[in-house]
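Visitor: I'm new to reading structures, and the labels puzzle me. Could you walk me through how they are earned?

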Amino acid sequence: MAFEGFPPLIADQLHYLLNHSPDSIKIENVWSGNKINPKILDRFTLVIPYCLETIKWDVIYNSEYAFDPPDFVFGPDDEDFMPCTSTITPDDDDHISSLKKALSEWDNEDSTRLLVLIQGLRDQYVAYQRRSVGQVDDDRVKFEISTVLTRKGIEMQRASGVDKPEEVKFAVPLVMDMNINKMVVGCPWKHQQKIYLQVVYPILRKFESTASAPRLRLVSSSELKALFSVEDVKLPPWMDGMCLAEYLPHLEETLERQIQEAVSAIDLRRSFIEALTIFLGRPLEANPTFCRQATFLTSSGQFTFMVHFFFSTQFPKQQPTLMLQSCQHLNQSSVPVKSNLLSEYPWSPRWEVGRMAERLCDFLTDEAVNFKKYCNEVVLQH
Amino acid sequence: MDDLSLEKIEISGSILASMIQRASSSPSDVDGLIFGQIHRIVSSNLSDDSPADSFSSSSSSDQIVATVTSFACSGKTVSFYDPLGRVNSRRVDSLRVDSPDRLIGWFSARRKTANRPSMRESAVTSSLSSQFHLPIEDSQNPKSTNMASSVFFLLTTPSTDQCIHTHEYRAYQFRSSKQRLEPRSVGVVNIGPAFRGHYGSFIPKSGFPPLVCELDSSAMVVDRDEGSLGAKKQAAKDQKEIDALAEGLQVGDLKRLVGAEAASFTGGIEDMYERMLAKIQSLASDVETSSAFVFQQEKHNRKLRNRVARIGR
């Protein structure tokens, strides 16, 4: 990713930030503040993940005076966030001094400095939000803060707007006693996969007497979707008067179980693909780690075609989706003719793997004839 | 020093326009200091409400208004402070050289950025307001209290190229009790009949050197004040400076403009004015050539800076 238009030293720092940051930071806008040479870009907006959502900070360099560190403009709701002014509580002393050091000893030729600066500011932001949430006048929130802060890595955010009711968001990392990366054979993931629970508490307004239940949502790192989709998880219900300290262990147990099931489902899918080999021969392509996809080359008489199989994480409850692709027919755009996605065929999750494969191949034999007719029609159309 | 709240900030149209011009003509972002005064205006409260109802301090008591009368632009960012926002008072003094007014705050101009104070600007305003203060001028109460120099002016251009407006400005006051920057409304005071009432508290100052004009030939002056030796020396020096321009014309001679010698004397004075104008013209062309030289030097400096920052071209 080349940042053309940025002066080389700023581009270096930006590269380093985007490649080495532990959270996935993105750039939204880039523009120039230079009047004489508007092609030299020196300003950009960073989209930084925080509390399972994002915050946007504008980074303002000055291309005319390259020795100075950049300045930051924070979001419009964070007017009170002033990390550089000196009146901050003493227990944040280490964070402040590292941030102050990063700013006062700025070296514009060191490509790591921008990352250090952004991390320092983000840590300050976490502390600022925690103080802000601590000032909310709600007993439930105050109780939660006092009980749940023993966990590391919790982020909080206070959201209030003119039209929106006031809310407090918590992003809690779930601790499960297993290393998912190690459980998957041949796992390609570089980072540790994590699952978070986002809890949104509406703040009690004066005319409400009882607190309504918070909104709950599970969020996982995106690579985990190949193994296990958090959207399919049915969250345990939140009882009246429950608190996070009670809810979390229950949720974590459920998730542990489901992840272990998901890992064993990989083996099930693998054995199904191996069963298909008997009928269709070895696959052209198959994903060996998660077994979510496989493609076979087969023929029906003189007609040669490929079959793509797509397995969901809910296999075998949910049957695989098929797509046929002809090797002999091209459509108007010179692309091989493909069928629609087929998922309506005889299936039962209770069959054993060999029977599933046999019934599926029977279906394929019939479907191949229909597909051949369809391909001929498509070719004849032009 | 109490942490009082300003009602609004007034600025003359010409000062605001020259600030905007200075910001938009510079190649990069700039900052600078702003000078002025703070006045207490007593507002009369004519309502029938009982005093217990009025909680806000501005209903029955005074309003405090800040007036901006001049500014000094540094031509660059991070001029009188460091990147952390800590103000260096020595650099402030070198930037405000010769300004007769009091320091009331500072301004920052950035192109194409959001119209909110940035991280560094908040820190600088906080640091400036803790280090500098100025008295509140109050005609009724001679014993004035002090107030922190906490005004911050932000000049920006819109981030998107909307072409509806080209400049934006906002004023803030830093409240040390709340540790935040609060926006304040800006009143622009202009020349013209509609604004005559505003000039009551708005007293722009432009310094004029004090000149002692003595009518030497008058014998009617009694009790001439001898003054100190230093003052006399200064008066003699000033007279010499004027003599160089006016070529020995004494103030007392001006009474010859009326009466019998008027015609010839007028001609002489007109010649003198023409010579003065010629001198001013040569001065103006000197200024023009030196400005061109300064511009070339600035261009050269920019090239060097770009080379250090490794910006090609």
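Guide: Sure, and keep in mind that this is a predicted model. Let's begin with helix H3 of chain B, where B:Met119, B:Arg120, B:Glu121, B:Ser122, B:Ala123, B:Val124, B:Thr125, B:Ser126, B:Ser127, B:Leu128 and B:Ser129 are buried.

Visitor: What makes H3(B) "mostly covered"?

Guide: Just the count: of its 13 residues, eleven are buried.

Visitor: Why is B:Ser127 called buried?

Guide: Buried means under 20% relative accessible area. B:Ser127 has 12%, so the label fits. This serine sits in H3(B), which runs over residues 119-131.

Visitor: Which residues does B:Ser127 touch, not counting those up to four places away in sequence?

Guide: B:Gly85, B:Arg86 and B:Val87. With B:Val87 there's also a polar link: a polar atom of the serine side chain lies 3.0 Å from the backbone nitrogen of B:Val87. The cut-off for a polar contact is 3.5 Å, and 3.0 Å is within that.

Visitor: How do you know that the length of H3(B) is close to what's expected?

Guide: Compare two values: from first C-alpha to last, H3(B) reaches 19 Å, while 18 Å is expected at 1.5 Å a residue.

Visitor: Over in chain A, what makes A:Glu155 count as buried?

Guide: Same kind of check. The relative accessibility of A:Glu155 is 15%, and the limit is 20%, so A:Glu155 counts as buried. You'll find this residue in strand E5, residues 155-159.

Visitor: Which partners does the side chain of A:Glu155 reach?

Guide: One is the backbone nitrogen of A:Cys51, at 2.7 Å. Another is the side chain of A:Arg122, in a polar contact at 3.0 Å. Leaving aside neighbours within four places in sequence, A:Glu155 is in contact with several residues, among them A:Tyr50, A:Val126 and A:Phe170.

Visitor: Why are H1(A) and H3(A) called oblique to each other?

Guide: Their packing angle is about 55°, with the axes 7 Å apart. Roughly parallel needs an angle under 35 degrees, and roughly perpendicular starts at 65. About 55° fits neither, so the pair is oblique.

Visitor: Which residues make that contact?

Guide: H1(A) brings A:Gln13, A:Leu14, A:Tyr16, A:Leu17 and A:His20, and H3(A) brings A:Arg113, A:Leu114, A:Leu115 and A:Ile118. Sorted by class, that's six nonpolar, two polar and one charged.

Key
Residues are numbered from 1 along each chain as its sequence is written. Chains are lettered from A and ligands numbered from 1 in the order in which they are written. This is a predicted model: local features need pLDDT of at least 70, side-chain atom pairs count only at pLDDT 80 or more; totals for chains, interfaces and linings use all residues. Side-chain values use heavy atoms; hydrogens and water are left out. Axes are lines fitted to C-alpha atoms, for helices over the stretch in contact, and angles run from 0 to 180 degrees between N-to-C directions. Helices (H or I, at least four residues) and strands (E, at least two) are DSSP runs, numbered from the N terminus. Angles under 35 degrees count as roughly parallel, over 145 as roughly antiparallel, 65 to 115 as roughly perpendicular and the rest as oblique. Contact means heavy atoms within 4.5 Å. Ala, Val, Leu, Ile, Met, Phe, Trp, Tyr, Cys and Pro count as nonpolar, Asp, Glu, Lys and Arg as charged, and the others, Gly among them, as polar. Buried means under 20% relative accessible area, exposed over 50%, partly exposed in between (1.4 Å probe, protein chains only). A polar contact is a pair of N or O atoms within 3.5 Å; within protein, one must be able to donate a hydrogen and the other to accept it, and residues adjacent in sequence count only if both atoms are side-chain atoms. The expected span of a helix is 1.5 Å times one less than its number of residues.
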